[in-house]
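I'm opening a fresh page for this one. My plan is to look at the strands, then the core, then the rings.

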Amino acid sequence: MSDSSPVSPAVPVLDVWCELQCADCRDALDDVRALRARYGDRLEVRLRHFPLEKHKHAFAAAQAAEEAAEQGKAWEYVEAVLGRVEELDRKGEPFLVEVAGELGLDAEEFDTALIDGRHILIVDADQAEGKAIGVTGTPTYVVDGERLDGGKSQEGLRERIEGIVDRLLAENA
């Protein structure tokens, strides 16, 4: 899921390969929030979908995140779902619609989007690209062509990402 607003080519991009039923991705949220707060519009943070087969609601959650993006609340939705992965495990797709309603989104449209599959191609494309560049688990970060695997450990990753982004910003200054 990426913001379609025009971004200067001088702005570094951080792709966050994520799965919304993944406890490790939930744990990584603090780092993503910190990066978004530190850099603001000087860093484009893009959520990329990589639903894992072991989580039966992950593919639907990725589609729901795309619907949230269309309705203007991408990150709010992602954070709300990731913050409650256990509920997603238990309740499944109805939970995705429930969260949409809680955030003031059009829950009926969410339900329709999950039924008609309008966002499947975006999720499939993200997953295929992830596989092509060697993503095997979530979260995985890619910045300036460097892949950083957060599924094993988040330790030190934010600092490594900040180092790369700071270097890119200095080069583009």
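**Entry 1: the hairpin.** I started with Val143 and looked up its bridge partner in β4, which is Glu146. Keep in mind that this is a predicted model. Tyr141 also has a bridge partner in β4, namely Leu148. I then checked how the two strands run: β3 (residues 140-143) and β4 (residues 146-149) pair in the antiparallel sense, over 4 bridges. What sits between β3 and β4? They form a hairpin with 2 residues between them. In that turn I noted Asp144, with a positive phi of about 55 degrees.

**Entry 2: the sheet.** Zooming out, I found an open sheet of 4 strands in the order β2-β1-β3-β4, with mixed pairing. Which strands stand at the edges? They are β2 (44-49) and β4. Each has a single partner strand, so one side of each is left without a neighbour in the sheet. I also looked up the turn between neighbouring strands of this sheet, which is 20 degrees on average, direction ignored.

Next I asked what helix α8 touches in the sheet. Helix α8 (residues 157-172) packs on the sheet and touches β1 (13-18), β3 and β4. The direction of α8 makes about 165 degrees with that of β4.

**Entry 3: the cores.** The largest nonpolar core has 44 residues. Those with the most contacts inside it are Leu14, Tyr77, Leu96 and Tyr141, and I'd already met Tyr141 as the bridge partner of Leu148. There is also a second, separate core of 5 residues, which includes Phe50, Leu52, Val135 and Val142. A general point to jot down: in soluble globular proteins, nonpolar side chains tend to be buried together.

I picked Leu96 for a closer look. Leaving aside neighbours within four places in sequence, Leu96 is in contact with Ala60, Ala61, Ala64, Tyr77, Val81, Leu88, Phe110 and Leu114.

**Entry 4: the rings.** Two names in that list, Tyr77 and Phe110, are among the contacts of Leu96, and I wanted to know how their rings sit. How many aromatic pairs are there? The count comes to 1. Tyr77 and Phe110 form an aromatic pair that is tilted, at 5.2 Å centre to centre and with 40 degrees between the planes. Tyr77 lies in helix α3 (residues 74-82) and Phe110 in helix α6 (residues 107-116), so the pair ties together parts that are 33 residues apart in sequence.

Last check: are these two buried or exposed? Tyr77 has 0% relative accessibility, so it counts as buried. Phe110 is buried too, with a relative accessible area of 1%.

Key:
Residues are numbered from 1 along each chain as its sequence is written. This is a predicted model: local features need pLDDT of at least 70, side-chain atom pairs count only at pLDDT 80 or more; totals for chains, interfaces and linings use all residues. Side-chain values use heavy atoms; hydrogens and water are left out. Rings of Phe, Tyr and Trp (its six-membered ring) pair if their centres lie within 6.5 Å; planes under 30 degrees apart count as stacked, over 60 as edge-to-face and the rest as tilted. Buried means under 20% relative accessible area, exposed over 50%, partly exposed in between (1.4 Å probe, protein chains only). Two strands pair if DSSP finds at least two bridges between them. A nonpolar core is a set of buried Ala, Val, Leu, Ile, Met, Phe, Trp, Tyr and Cys residues joined through side-chain atoms within 4.5 Å. Contact means heavy atoms within 4.5 Å. Axes are lines fitted to C-alpha atoms, for helices over the stretch in contact, and angles run from 0 to 180 degrees between N-to-C directions.
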